[in-house]
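Reader: Could you walk me through this fold, one question at a time?

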Amino acid sequence: MMGFSKDENEAFTECVFSLLTARVDMLSVFPGIHRLLRSLSRNHILAVLTANREEGVGRFLVRQGLSGYISTIAGSNRAGSKSEKAGELIERFSTPKDRVYLIGDTVSDISEARKAGVNSIAVTWGFQGRGQLLSRQPDFVVDNPGEIETLFKGPITRPINSNG
């Protein structure tokens, strides 16, 4: 962060993540996520790669009734970038990279997917808007969870909604 030393930045980040973990009960999921995860988990391995701590995300998933759909969480308490963690999960689950999709709401998520050599799906209902996300040329851009579900119903041969 600008104006912070590395130590101050780490202390600030630690404080923010501690607050998020403590206040996880105040968060909710975007409408349609329950249906999406239930649907995808029937035929796909679902993992969470996050800059948040695993324990906070785990508590959130349990509270929201979503933990049964997620195979694993790789959070900030594990060393490495999201792309490195994605690589570890690819090996762990023996999944070909062309069948892996990193779904995210930031340009850094798109960049990490590219570094990992996997597909990226940018969601417009999160942290950054459509314009910012499109500037990094994700493989797919979706405006709601139903579009992700549609994407995975058949063979995935072309980006949907990526130019719109």
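Author: Gladly! Contact here means heavy atoms within 4.5 Å. This is a predicted model, in which local features need pLDDT of at least 70, side-chain atom pairs count only at pLDDT 80 or more, and totals for chains, interfaces and linings use all residues. Residues are numbered from 1 along each chain as its sequence is written, and side-chain values use heavy atoms, with hydrogens and water left out.

Reader: Which residues does I70 touch, not counting residues up to four places away in sequence?

Author: Leaving out residues up to four places away in sequence, we can list the partners of I70. They are L37, L46, A47, V48 and L61.

Reader: Which element supplies the largest share of the largest nonpolar core?

Author: A nonpolar core is a set of buried Ala, Val, Leu, Ile, Met, Phe, Trp, Tyr and Cys residues joined through side-chain atoms within 4.5 Å; buried means under 20% relative accessible area, exposed over 50%, and partly exposed in between (1.4 Å probe, protein chains only). The largest such core has 20 residues, and L61, I70, I121 and I148 have the most contacts inside it. At least two residues each come from α2 (33–41), α3 (54–63), β4 (119–123), β5 (140–142) and α7 (145–151), where helices (H or I, at least four residues) and strands (E, at least two) are DSSP runs numbered from the N terminus. The largest share, 4 residues, belongs to α2.

Reader: Which residues of α3 are buried?

Author: Helix α3 is followed by G65, whose phi is positive, near 75°. Within α3 itself, the buried residues are E54, G56, V57, G58, F60 and L61.

Reader: How is α4 oriented relative to α5?

Author: Helix α4 (residues 82–93) packs against helix α5 (residues 107–116) at an angle of about 45°, with axes 8 Å apart. Axes are lines fitted to C-alpha atoms, for helices over the stretch in contact, and angles run from 0 to 180 degrees between N-to-C directions. Angles under 35 degrees count as roughly parallel, over 145 as roughly antiparallel, 65 to 115 as roughly perpendicular and the rest as oblique. So α4 is, relative to α5, oblique.

Reader: Which residues of α5 are met by K82, S83 and A86 in α4?

Author: The residues of this helix contact divide into 2 nonpolar, 1 polar and 4 charged (Ala, Val, Leu, Ile, Met, Phe, Trp, Tyr, Cys and Pro count as nonpolar, Asp, Glu, Lys and Arg as charged, and the others, Gly among them, as polar). On the α5 side they are D109, E112, K115 and A116.
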